[in-house]
Amino acid sequence: MTRMVNGMSASQLQGVTWQKSGRSNPSGNCVECAPLPGGGVAVRNSRDPEGPALIYTPAEIEAFILGVRDGDFDNLLG
């Protein structure tokens with residue numbers, strides 16, 4: 001597999017399985033995540049599957065998920 005860096009083309013992440021939230025809407029406005037070999041997580045925009053992917057370490061994705069669970073980002077919903 002290619003060296004993984006932030007902003008790399010998601011199409012370079014061959015062999016990963018992208019997953020959408022069950023809360024995604026049918027218009028395709030979704031964020032997709034994929035577990036990476038070595039424990040990281042890639043994130044991409046489902047409307048641009050060949051576009052850039054953000055690569056997060058296990059610690060970064062854990063901090064984000066825990067923050068979401070704690071309501072840290074509820075103010076972003078308006």
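This section describes the sheet, the helix and the largest pocket of a predicted model.

The strands form an open sheet of five, in the order S1-S5-S4-S3-S2, with antiparallel pairing. Strand S1 (8-9) and S2 are the edge strands; each has a single partner strand, so one side of each is left without a neighbour in the sheet. The partner of S1 is S5, and the two pair in the antiparallel sense over two bridges. In these bridges Met-8 is matched with Ala-53 of S5, and Ser-9 is matched with Pro-52 of S5.

On its other pairing, S5 is joined to S4 in the antiparallel sense over three bridges. One bridge links Ala-42 to Ile-55 in S5. S4 and S5 also form a hairpin, with six residues between the two strands. The side chains of S5 alternate along the strand. Ala-53 and Ile-55 point to one face and are buried, whereas Pro-52, Leu-54 and Tyr-56 point to the other face and are not buried.

Within strand S5, Ala-53 was examined further. The relative accessibility of Ala-53 is 0%, and this residue therefore counts as buried, the cut-off being under 20%. Apart from neighbours within four places in sequence, the residues in contact with Ala-53 are Val-5, Asn-6, Gly-7, Met-8, Ala-10, Leu-13, Trp-18 and Val-43. Met-8 is thus listed among the contacts of Ala-53 and is also its bridge partner. Pro-37 is 16 residues from Ala-53 in sequence, and the C-alpha atoms of the two are 15 Å apart in space.

The loop between S4 and strand S5 (52-56) contains Ser-46. Ser-46 has a relative accessible area of 15%, which is under 20%, and so this residue is buried. When neighbours within four places in sequence are left aside, Ser-46 is in contact with Lys-20, Gly-28, Asn-29, Cys-30 and Glu-32.

Helix H1 consists of twelve residues. From the first C-alpha to the last, H1 reaches 16 Å, close to the 16 Å expected at 1.5 Å a residue. Gly-71 follows H1 and has a positive phi, near 85°.

The largest pocket holds about 700 Å³ of space. Its lining is made up of 22 residues, and those nearest the centre of the pocket are Ser-21, Val-31, Cys-33, Phe-64 and Val-68. Two or more lining residues are given by each of strand S2 (19-20), strand S3 (31-35), strand S4 (41-45) and helix H1 (58-69). H1 supplies the largest share of this lining, with four residues. By residue class, the lining of the largest pocket comprises twelve nonpolar, six polar and four charged residues.

The sheet and the pocket share several elements. S2, an edge strand of the sheet, gives residues to the pocket lining. S4, which pairs with S5, also contributes to that lining.

Key: Residues numbered from 1 in each chain as written. Predicted model: local features only at pLDDT ≥ 70, side-chain atom pairs only at ≥ 80, totals over all residues. Heavy atoms only, no water. 1 Å grid on protein atoms, 1.4 Å probe; cavity = no way out; pocket = protein on both sides within 12 Å on 5 of 7 lines; lining within 4 Å. Points joined across faces, edges and corners; volume = space filled by probe spheres on them. Nonpolar A, V, L, I, M, F, W, Y, C, P; charged D, E, K, R; others polar. Buried < 20%, exposed > 50% of the residue type's maximum accessible area, 1.4 Å probe, protein only. Contact = heavy atoms within 4.5 Å. Expected span 1.5 Å × (residues − 1). Pairing = 2+ DSSP bridges.
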